[in-house]
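Please find below a colleague's note on the structure shown here, written for a reader who has not met it before. The points may be read in order, with the model open alongside.

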Amino acid sequence: MATMLTGKPVIEAMREDLLTRVAALAERGVTPGLAIVRVGERPDDLSYERTAVKRAEGLGIAVRVEALPADATQAQLEAVIDAVNDDASIHGCLLFRPLPAQMDERAVCDRLAAAKDVDGISSASLAGVFADTGEGFPPATAQACLEVLDHYGIPVAGRHVVVVGRSLVIGRPVALMLLARHATVTLCHSRTERLAAHMAAADIVVCATGRARGFGPECFAPGQVVLDVGINFDDEGALCGDVDAAAVEAVLGPEGALTPVPGGIGGVTTSVTMVHVVAAAERAAR
């Protein structure tokens, strides 16, 4: 059976490093600050908010939640973003998306100062990922994929990586980040012909489509490393990934590896956000 690349040891290692860095900032009189901006009360937003607040407070990061009603206007949300930009005690901002239909999401994302965009949602941050300049911060989930690979000592240079999914949240940025590490990347999506064959030919597969158990054993081969980024609910309401893990694990075999859902990339994503907040505070304190 395949090795499970669980997120817990990755999170614990990141936590130890962050505690040291937060303590060093405290000696300089700096407390990292995170603003969480939420519009409405979507259950998934509220669940992630609770997780993020708990993780931040456990690290010594100050958290402020700015919650607006679901019927808030564009102007009201932009005023909140402007206040975050102007507040020196806030080093990072986490804006929950998707925004309600009455709002121009791209305009709101681009209104956030790049220095405080700890989840890589602005065009400026994404440009930094595209150009590999190191400016701004990449999307946290995309970075979480690399953190898992690094923690488990899985090299990417020279290897063939297939990324399934082309969103700006995960697919496209993680493909570019892997390319910057000298991987050979194939970016696939819902209209890719012979998708299963592309996936089975890879050394590493990143699944990020939002299709509950949409990829079965025919898409994989022995010895592959599979990062399942999907967070879905099946017909019975159970949390699951994009990969049919029970069927795929046997195909990957003892030389292969798979991230579980839950317990894999998701928890690491939250920790990556905290890394970005602390890094933003360090930059501001220079």
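The numbered points below concern a buried charged residue, the nonpolar cores, an aromatic pair and a helix residue beside it.

1. The model is a predicted one, and the remarks that follow should be read as describing that prediction.

2. The note begins with Lys 116, which is placed in the loop between α4 (105-111) and α5 (123-131). Although Lys 116 is buried, it has no salt bridge. The nearest side chain of opposite charge belongs to Asp 87, at 5.9 Å; a salt bridge is counted within 4 Å, so Asp 87 does not qualify.

3. What does the side chain of Lys 116 reach at 2.7 Å? The partner is the backbone oxygen of Val 84. A further backbone oxygen, that of Asn 85, is reached by the same side chain at 3.2 Å.

4. The surroundings of Lys 116 include both of these residues: setting aside neighbours within four places in sequence, Lys 116 is in contact with Val 84, Asn 85, Asp 86, Asp 87 and Ala 88, and also with Ile 90, His 91, Gly 92 and Cys 93.

5. The largest nonpolar core has 54 residues, and within it Val 174 and Leu 178 touch the most other members. Helix α10 (residues 265-284) is the element that gives the most to this core, contributing ten residues. Apart from this core there is another, of 18 residues, which includes Leu 77, Val 80, Ile 81 and Leu 99. In soluble globular proteins, nonpolar side chains tend to be buried together.

6. The contacts of Leu 178 can be listed individually. Not counting residues up to four places away in sequence, Leu 178 touches Leu 146, Leu 149, Val 156, Val 161, Val 163, Ala 183 and Val 185.

7. How many aromatic pairs are there? The count comes to one. The pair consists of Tyr 48 and Phe 96 in an edge-to-face arrangement, with 5.9 Å from centre to centre and 75° between the planes. Because Tyr 48 belongs to helix α2 (residues 43-59) and Phe 96 to the loop between β4 (92-95) and α4, the pair ties together parts that are 48 residues apart in sequence.

8. The two rings belong to residues of unlike exposure: Tyr 48 is partly exposed, at a relative accessible area of 24%, whereas Phe 96 counts as buried, at 7% relative accessibility.

9. Finally, Thr 269 is found in helix α10 and counts as buried, with 8% relative accessibility. Leaving out residues up to four places away in sequence, Thr 269 touches Tyr 48, Ala 140, Thr 141 and Ala 144. Tyr 48 is thus a member of the aromatic pair and also a contact of Thr 269.

Methods: Residues are numbered from 1 along each chain as its sequence is written. This is a predicted model: local features need pLDDT of at least 70, side-chain atom pairs count only at pLDDT 80 or more; totals for chains, interfaces and linings use all residues. Side-chain values use heavy atoms; hydrogens and water are left out. Helices (H or I, at least four residues) and strands (E, at least two) are DSSP runs, numbered from the N terminus. Buried means under 20% relative accessible area, exposed over 50%, partly exposed in between (1.4 Å probe, protein chains only). Lys and Arg count as positive and Asp and Glu as negative; His and the chain ends are not counted. A polar contact is a pair of N or O atoms within 3.5 Å; within protein, one must be able to donate a hydrogen and the other to accept it, and residues adjacent in sequence count only if both atoms are side-chain atoms. Contact means heavy atoms within 4.5 Å. A nonpolar core is a set of buried Ala, Val, Leu, Ile, Met, Phe, Trp, Tyr and Cys residues joined through side-chain atoms within 4.5 Å. Rings of Phe, Tyr and Trp (its six-membered ring) pair if their centres lie within 6.5 Å; planes under 30 degrees apart count as stacked, over 60 as edge-to-face and the rest as tilted.
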